[in-house]
Amino acid sequence: MARVVSVNISEKKGTLKKPAPEIELKLRHGIVGDAHAGDWHRQISLLAEESIDTMRALSPIPLDPGVFAENINTEGIDLKGLPVGTHLRIGETEVEVTQIGKECHNDCAIKKAVGKCVMPTEGIFAVVVKEGVVRPGNEIEVLK
């Protein structure tokens, strides 16, 4: 069973995202209270815990939830293998995958410390299709 491991937000761009007890997803907005929210195609970022584990094995620095600026850490789902347009039910919400990966910042602390970063190739982005609250432990289901 795929599930949410952590939900993370930051109030200002350029700061690390911190774990929260829950996040509220809003249509045409993204995550209430998150600096990257807005009416655009990258409202929410997701990164698999399995991807982070490969980086943890190489990293001299701790890689806590939110360090890659991801909003939702997952477990048990191959995020990077999902095609754009895939719908996911996450708890009571629904999101649509809009982008796989992104360009890494040149000054990324993780890339400097480890030599690479997984977010550019394994992180995904989504928009809110159905509003609601997401919490750690929520089940994730790929919708057909």
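Which strand is Ser45 found in? Select Ser45 in this predicted model: the residue lies in strand β5, which covers residues 44–48.

**Stop 1: Ser45**

Show Ser45 with the surrounding chain. Its relative accessibility is 4%, so Ser45 counts as buried, the cut-off being under 20%. Next, select the residues that Ser45 touches, leaving aside those up to four places away in sequence: Ala69, Glu70, Asn71, Ile72, Met119, Ile124 and Phe125. Four of the names form a run, from Ala69 to Ile72.

**Stop 2: the whole chain**

Zoom out and colour by secondary structure. The protein chain has 11 strands and 3 helices. Read from the N terminus, the order of elements is β-β-β-β-β-α-β-β-β-α-α-β-β-β. The radius of gyration is 14 Å, close to the 15 Å that the globule rule gives for 144 residues, so the protein chain is as compact as a globular protein of that length. Along its principal axes, the C-alpha trace spans about 40 × 30 × 25 Å.

Switch on contacts. Taking those between residues at least 6 apart in sequence, 70% join residues at least 24 apart. Buried residues account for 47% of the 144 residues.

Now turn on the surface. The protein chain exposes about 7,300 Å², with carbon and sulfur atoms supplying 51% of that area. For the charges, select the 18 positive and 21 negative ones; their mean positions are 4 Å apart.

**Stop 3: strand β3**

Select residues 23–26, which make up strand β3. Which of its side chains are buried, and which are not? Ile23 and Leu25 point to one face and are buried. Glu24 and Lys26 point to the other face and are not buried. In a regular strand the side chains alternate between the two faces of the sheet.

**Stop 4: the partners of β3**

Add strand β10, residues 132–134. β3 and β10 pair in the antiparallel sense over 3 bridges. Pick Glu24 to find one of the bridge positions: its partner in β10 is Val133.

Then add strand β4, residues 30–31. What is the sense of the pairing between β3 and β4? The two pair in the antiparallel sense, over 2 bridges. Here Lys26 has Gly30 of β4 as its bridge partner.

**Stop 5: the turn**

Finish on the link between β3 and β4. These strands form a hairpin with 3 residues between them. Select Arg28 in the turn and check its backbone: phi is positive, at about 50 degrees.

Technical notes
Residues are numbered from 1 along each chain as its sequence is written. This is a predicted model: local features need pLDDT of at least 70, side-chain atom pairs count only at pLDDT 80 or more; totals for chains, interfaces and linings use all residues. Side-chain values use heavy atoms; hydrogens and water are left out. Helices (H or I, at least four residues) and strands (E, at least two) are DSSP runs, numbered from the N terminus. Buried means under 20% relative accessible area, exposed over 50%, partly exposed in between (1.4 Å probe, protein chains only). Contact means heavy atoms within 4.5 Å. The radius of gyration is taken over C-alpha atoms; the globule rule is 2.2 Å times the number of residues to the power 0.38. Accessible areas come from the Shrake-Rupley method with a 1.4 Å probe; for residues, only the protein chains shown count as cover. Lys and Arg count as positive and Asp and Glu as negative; His and the chain ends are not counted. The place of a charge is taken as NZ of Lys, CZ of Arg, CG of Asp or CD of Glu. Two strands pair if DSSP finds at least two bridges between them.
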